[in-house]
Amino acid sequence: DPEANMNATQLITSKGFPCEEHHPITSDGFILGMQRIPQPSKDRIPVFLLHGLLSSSDSFLTNLVNESLAYILYNAGYDVWLGNVRGNVYSRKHVSLSPDDLRFWDWSFDQMGEYDVPAMIGHVLNVTGHKKVNYIGHSQGTTSLFTGAIINGKSLIDRVNSFIALAPAAIVPNMQSPLHYLTYIANDVDLVYTLFGDGDFLPHDGFLEIFSKMFCPREPKICLNTFFLIGGTDFTNTNVSRIAVYSAHDPAGTSTQTVMHWAQLVENKHGTLKRYDYGHLKNLEKYGRFNPPTYDFSAFTIPTYAFCGFKDTLVVLEDCKKLMTLLPNVIEAHFIPHYTHLDFIFAMNAPQNLYSRVLKILSSSLLN
């Protein structure tokens with residue numbers, strides 16, 4: 001399939017849509033890649049989409065035109081902006097650091113929220129002249145807004161009109177994805193770096209092969225792709241003819257520290273979202289305390305519309321429901337039977353089961 005070799009801009013323009021590339025710079029020096037599908041009229045409402053763990057903006061573009069969220073939003077009249085956090089294939093530049101420098105990779109989703117999200121949203125608002133965006137996040141794309149809003153406070157919260165959270169990832173003590181097995185080695189830094197790389201998350205082939213055979217006996221070749229190994233291989237709702245395209249675009253890159261941060265949260269059975277744990281001495285240097293701070297969800301006042309899946313093994317239903325009790329401004333919470341973690345972006349029936357509701361939420365939230 002030729003789309004396997006296309007980047008985001010090519011995926012968009014090959015469908016006959018216009019596309020712009022943008023490159024906001026974070027306050028700590030990362031140069032982020034964004035794509036925009038602009039409307040002919042400049043007064044259209046901006047909608048910002050942010051991808052999940054190990055992914056990129058491609059995840060909203062790799063289904064068919066009538067099944068991909070980005071195209072559906074554009075055809076509904078919205079000004080569509082696609083974000084990419086530091087370290088993925090579109091955001092591997094920095095004003096002074098090279099990806100070959102380990103300092104380039106010294107971050108997790110704490111910094112995505114603190115720096116990347118404000119930079120991208122600020123850029124959208126500066127270009128469009130609007131005062132607020134509507135934010136749609138999938139998986140870690142929701143985490144980045146949670147962390148960003150809680151760290152930055154009103155300066156970011158006041159710039160988001162509504163938050164549509166697809167498989168919102170924050171409370172994960174009951175995770176069933178193979179990712180949770182990393183908790184056993186999360187505190188052995190040397191072993192972690194040996195298996196996954198000490199900067200860019202690139203699992204050693206031998207480790208990946210063993211893991212794939214253990215946890216995906218029916219689909220071992222597909223699970224050699226870490227994106228599916230972590231996100232799940234239940235393709236009941238998936239157009240299997242597109243799997244080669246998905247596999248070509250994901251995983252799209254992240255830091256080993258980000259993946260280890262998730263492993264730390266699975267290990268945290270209190271069901272809280274904490275900052276990255278560097279160990280007591282470095283925590284003292286970074287946070288002024290031995291243990292990493294906990295994020296206070298009561299500070300997250302953005303109007304939230306959440307969607308969770310019954311068959312999600314990464315953000316299991318129990319954890320998602322607990323998160324709903326912690327967020328102070330949940331307007332709606334939907335629980336979709338038979339949906340896995342990746343169905344929110346790849347399911348053939350997502351336009352009927354999910355995106356139709358997303359359009360109604362966007363329409364109604366603009367009237368409030």
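This passage describes the pockets and cavities of a predicted model.

Residues are numbered from 1 along each chain as its sequence is written, and side-chain values use heavy atoms, with hydrogens and water left out. Because the model is predicted, local features need pLDDT of at least 70 and side-chain atom pairs count only at pLDDT 80 or more, while totals for chains, interfaces and linings use all residues.

We may begin with the open space. The largest pocket (an open set of points on a 1 Å grid over the protein atoms alone, with protein on both sides within 12 Å along at least five of seven lines) has a volume of about 440 Å³, where a volume is the space filled by probe spheres set on the points, joined across faces, edges and corners. Its lining (residues with an atom within 4 Å of a point) comprises 22 residues, with Val 189, Tyr 193, Tyr 276, Asp 277 and Tyr 278 nearest the centre. Two or more lining residues come from each of helices H6 (189-196), H10 (256-267) and H11 (280-287), helices being DSSP runs of H or I with at least four residues, numbered from the N terminus. H10 contributes the most, with four. By class, nine lining residues are nonpolar (Ala, Val, Leu, Ile, Met, Phe, Trp, Tyr, Cys and Pro), nine are polar (the others, Gly among them) and four are charged (Asp, Glu, Lys and Arg).

Turning to enclosed space, the whole structure holds four cavities of 30 Å³ or more, a cavity being a set of points where a 1.4 Å probe fits but cannot get out. The largest cavity has a volume of about 100 Å³. Among its 14 lining residues, Leu 53, Ser 139, Phe 227, His 341 and Leu 342 are the closest to the centre. Helix H8 (residues 226-231) gives the most to this lining, with four residues. The lining of the largest cavity has seven nonpolar, seven polar and no charged residues.
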